[in-house]
Every structure is written in C-alpha cells, then in structure tokens.
Amino acid sequence: MDTRFLTLADVAETLNLTMSAPRALVTSGDLPAIQVGGKKVWRVEESALEHYIQQQYALARQRQHANAQ
C-alpha cells in the first residue's frame, strides 16, 4: 500500500533539508499540509509535495531565463 501522507521528517529527507526547513515551508503556507493529533504533528500529502517540487523547477527555469536575457 502506498503512503498518502508524509511526515515533516519524510519531507526533509526527500528534499535533503534540515528538519526546520519543511516546518517553515508549512507554516508559511508554501507547502500545503494538515495538522493531525498533537499541536505540532503535520502531514504533507505526497501529491502536494510533488506539486511543490514542480513549482520550484518552474521558478528556477524562470530565474534562469530572466538571467540569460
């Protein structure tokens, strides 16, 4: 069975970030997540993480294109 939701630790590992970085992305609203259970228990849907990654690729392409002009 595929996992639908990821922990912030899973997100940090996937993006090769420190644990504080995914929490900052979630609290800023840049990475959609839901809060379950305790106050600091966040879950990120796999599809939301993939969408975030694709957005970051698009932003990188835009910056590269702007810098090339």
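This passage describes the helices, the charged side chains and selected residue separations of a predicted model.

Helix α1 spans residues 8-15, and its buried residues are Leu8, Val11 and Ala12. When the helix is viewed down its axis, these buried residues of α1 fall within an arc of 100 degrees, so they line one face of the helix. The face of α1 that is turned away from this buried side carries the exposed residues Glu13 and Thr14. For Glu13, the relative accessible area is 66%, and the residue is therefore classed as exposed, since exposure in this sense requires a value over 50%.

A comparable description applies to the second helix. Helix α2 comprises residues 20-28, and within this helix Pro22, Leu25 and Val26 are buried. Seen down the axis of α2, the buried residues occupy an arc of 95 degrees, so that they, too, line one face of their helix. On the other side of α2, Ser20 and Thr27 are exposed. Two further residues of this helix are intermediate in their accessibility: Ala21, which lies in α2, is partly exposed with a relative accessible area of 22%, and Ser28, also placed in α2, is partly exposed with a relative accessible area of 46%. The value for Ala21 is to be read against the limit for burial, which is set at under 20% relative accessible area, and Ala21 is therefore not counted among the buried residues.

The loop between α1 and α2 contains Asn16, whose backbone is notable in that phi is positive, at about 55 degrees, although the residue is not a glycine. Most residues other than glycine have a negative phi. Asn16 is exposed, with a relative accessible area of 70%. In the loop between β1 and α1 lies Thr7, which, by contrast with the exposed Asn16, is partly exposed at a relative accessible area of 25%.

With regard to charged side chains, a search of the whole structure finds one salt bridge. This salt bridge is formed where the side chains of Glu45 and Arg4 meet, with a distance from N to O of 2.7 Å. The pair links distant parts of the chain, given that Glu45 belongs to strand β3 (residues 42-45) whereas Arg4 belongs to the segment before β1 (5-6), the two residues being 41 residues apart. Side chains of opposite charge can pair when their charged atoms come close. The two partners fall into separate accessibility classes, for Glu45 counts as partly exposed at 26% relative accessibility, while Arg4 is exposed, with a relative accessible area of 53%.

Negative charge is also gathered on the surface, where Asp2, Asp10, Glu13 and Glu46 form a patch. One of these residues, Glu13, is found in helix α1, and Glu13 has been described above as part of the exposed face of that helix. Glu45, the acidic partner in the salt bridge, is not listed in this patch; residues that take part in a salt bridge are left out of patches, so the pairing of Glu45 with Arg4 accounts for this absence.

Separations between C-alpha atoms relate several of these residues to other parts of the chain. Arg4 of the salt bridge and the buried Leu25 of α2 are 21 residues apart along the chain, and their C-alpha atoms are separated by 19 Å. For Thr7 and Arg23, which are 16 residues apart along the chain, the corresponding separation is 10 Å. Ser28 and Val44 are likewise 16 residues apart in sequence, and their C-alpha atoms are 14 Å apart in space. Finally, the C-alpha atoms of Ala21 and Ala66 are separated by 27 Å, the two residues being 45 residues apart along the chain.

Terms used:
Residues numbered from 1 in each chain as written. Predicted model: local features only at pLDDT ≥ 70, side-chain atom pairs only at ≥ 80, totals over all residues. Heavy atoms only, no water. Patch = residues over 30% accessible without salt bridge, like charges linked within 9 Å, V, L, I, M, F, W, Y side chains within 5 Å. Areas by Shrake-Rupley, 256 points an atom, 1.4 Å probe, with all protein chains shown as cover. Salt bridge = Lys/Arg side-chain N within 4 Å of Asp/Glu carboxyl O. Lys, Arg positive; Asp, Glu negative; His and termini not counted. Charge placed at Lys NZ, Arg CZ, Asp CG, Glu CD. Helix = DSSP H or I, 4+ residues; strand = E, 2+ residues; numbered from the N terminus. Buried < 20%, exposed > 50% of the residue type's maximum accessible area, 1.4 Å probe, protein only. Arc of directions from axis to C-beta.
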